[in-house]
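Here is a friendly walk through a structure you may want to keep open beside you. We will look at charged pairs, then at the helices, and finally at the nonpolar parts.

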Amino acid sequence: MKTTELVDKLAANLKPVTPLPSLPRRLMVWGSVLVIIFTGLLCLVGARSNLREVVFTLGFVGETLLLVFAAVLSAAVAFTMSVPGRERSYTRYIPVAVLGVLICALLVFSDRGVISQNALDILKAGHMCCLEMLILSIVPCLVIVWMLRLAAPIRRAWTLAVGFMSSALFAAVFMQFTCSSTGVGHLLLTHMTPVALTGIAGALLGRRILRWELNSREPIFDEKETASEPREREL
Amino acid sequence: MHVKNKGPGDSRADEGVEQVPAGAGSEVLEEDDLLGDLMNRAQDGCEESYRELLIRLSSILGRYVGRRVYDKSQVDDVVQDILIAVHSARATYQSGRPFGPWVYAIARYKTIDFVRKQSRIGRRESVVESSQEVGVASCHTSSALTDTRDVLEQVTRLPENQRLALEETKLKGKTIKQVAEETGMSEAAVKVYVHRAIGSLRKMLEGK
């Protein structure tokens, strides 16, 4: 097929599209969905028993604010990366840096008494937290995948890794209100490990899940045969 | 490898995306407002604006890809891939933002994607071709003759398109272009069919 023919075909198949909403709007939608999900869940599950005692402590407020900040920032980076030409070369490293800062801050803010515990003991005691966080991350991950697929991410692996990290960080915020443990070892091993795991899962799945070139169901893609994607049914 | 020296940041898709690739953005930047305006109208469904946009983009992208891909016969294919990607991603262009970085990010991504695929295909094909050459050179021996017969027998079992592409190019010695013209397939498709035919043959012979 000649390029002029393709141009004619593309133009003939043109349909009006709604431009992607701006970054703040997408963030607001994402945040609203998560707030609704987690508030509903909190009403169902109930808050932690010692919430009244810790809610105004510096440690709790600091941790929660940092987690919210990291989650929102990660989501903002994922949404930015999903639009071609908007990303700077350093953008994708921001969430990783923030996560590093968050871990350092946890060490500063949190109760230091538990840090001396054996990591294996902490994991054994808190493995349910780890599991809960992974389960809690599933729906937000699905929501962010849907939102990212509306755009056209160039770096698919990074974009989904950061998006999944954001989802897990929101789950970590939720856990702040339901998990009674305050030990820094517990927070680092059972609340931050799922964040890292979901990030890795995003990096592994991103290339497949966020393939926007094949998303379109417009007729042109059934007819066009390219070097990169020849029609399988003919082979 | 069909890539020219592409400058910093071009060697891997996972490296930093510059806002506008060096030495390639002048054309778009000069027409940035016009192209952005055409895309805005295209998003509303204006066919004429879209056609004009794609025609302008074709020539700009042709120059952009031509500087990065050595094999000139492939430039059109890459440009077409980019145009399809632009078509798929047109909803992500935001009114009022510069058009150049948006389109070049897509162009760069598709060009690198193409180059990677070509280098993978090239590596695989060269291995098979060299083994075929070895087979032809030593066909005086009876075992080599048997091997050749086996290969030809397996060729007949290939799917129609693959068999046709392989026979015309590798056995009859026609060029990709000639086969494309005769069969009505695109050149890119012929290459892919040949590549897949060789892969299928290899599997068949390994399984034998």
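A residue counts as buried under 20% relative accessible area, as exposed over 50%, and as partly exposed in between. Asp113(B), at 22% relative accessibility, is therefore partly exposed. Please keep in mind that this is a predicted model.

**Charged pairs**

Asp113(B) has a partner: its side chain meets that of Lys117(B) in a salt bridge, 3.7 Å from N to O. Because these two residues are four apart in helix α5 (residues 99-137) of chain B, about one helical turn separates them. Salt bridges with shared partners also link Asp8(A), Glu47(B), Glu48(B) and Arg51(B) into one network.

Helix α3 (residues 47-66) of chain B offers another pair, Glu52(B) and Arg56(B), again four residues apart, or about one turn of the helix. Their side chains form a salt bridge of 3.2 Å, N to O. How accessible are its two ends? Glu52(B) is partly exposed at 34% relative accessible area, and Arg56(B) is partly exposed at 26%.

In chain A, the side chains of Glu87(A) and Arg92(A) meet at 3.8 Å, N to O, in a salt bridge. Are Glu87(A) and Arg92(A) buried or exposed? Both of these residues are buried. Over all chains, the salt bridges number 14. As a general point, side chains of opposite charge can pair when their charged atoms come close.

**The two chains**

Chain A has nine helices and zero strands, and chain B likewise has nine helices and zero strands. Some totals for each chain are set out here.

| Chain | Residues | Buried | Contacts 24 or more positions apart (of those with a separation of 6 or more) | Exposed area | Carbon and sulfur share of that area |
|---|---|---|---|---|---|
| A | 235 residues | 49% | 84% | about 11,400 Å² | 67% |
| B | 208 residues | 48% | 69% | about 9,900 Å² | 52% |

The count of disulfides over all chains is zero. As for individual cysteines, Cys141(A) is buried, with 9% relative accessible area, while Cys46(B) is partly exposed at 30%.

**Nonpolar cores**

In soluble globular proteins, nonpolar side chains tend to be buried together. Here, the largest nonpolar core holds 44 residues, and the members that touch the most others are Trp30(A), Phe79(A), Leu169(A), Met192(A) and Val195(A). Which helices supply at least two residues each to this core? They are α2 (23-45), α4 (58-81), α5 (94-109), α6 (119-149), α7 (156-178) and α8 (184-209) of chain A. Of these, α7(A) gives the most, 12 residues.

Phe79(A) is a good residue to click on. Leaving aside residues up to four places away in sequence, Phe79(A) touches Leu23(A), Arg26(A), Leu27(A), Trp30(A), Ile144(A), Met147(A) and Leu148(A). Apart from the largest core lies another one of 40 residues, and its members include Leu14(A), Leu35(B), Leu54(B) and Val79(B).

**A nonpolar patch on the surface**

Some nonpolar residues are found on the surface. Met128(A), Leu131(A), Ile135(A), Ile138(A), Val139(A) and Leu142(A) form a nonpolar patch there, with about 570 Å² of accessible area together. Ile135(A) sits in helix α6 of chain A. With a relative accessible area of 54%, Ile135(A) passes the 50% cut-off and so counts as exposed.

Definitions and conventions. Residues numbered from 1 in each chain as written. Chains lettered and ligands numbered in written order. Predicted model: local features only at pLDDT ≥ 70, side-chain atom pairs only at ≥ 80, totals over all residues. Heavy atoms only, no water. Core = buried A, V, L, I, M, F, W, Y, C linked by side-chain atoms within 4.5 Å. Buried < 20%, exposed > 50% of the residue type's maximum accessible area, 1.4 Å probe, protein only. Contact = heavy atoms within 4.5 Å. Areas by Shrake-Rupley, 256 points an atom, 1.4 Å probe, with all protein chains shown as cover. Disulfide = S-S within 2.5 Å. Patch = residues over 30% accessible without salt bridge, like charges linked within 9 Å, V, L, I, M, F, W, Y side chains within 5 Å. Salt bridge = Lys/Arg side-chain N within 4 Å of Asp/Glu carboxyl O.
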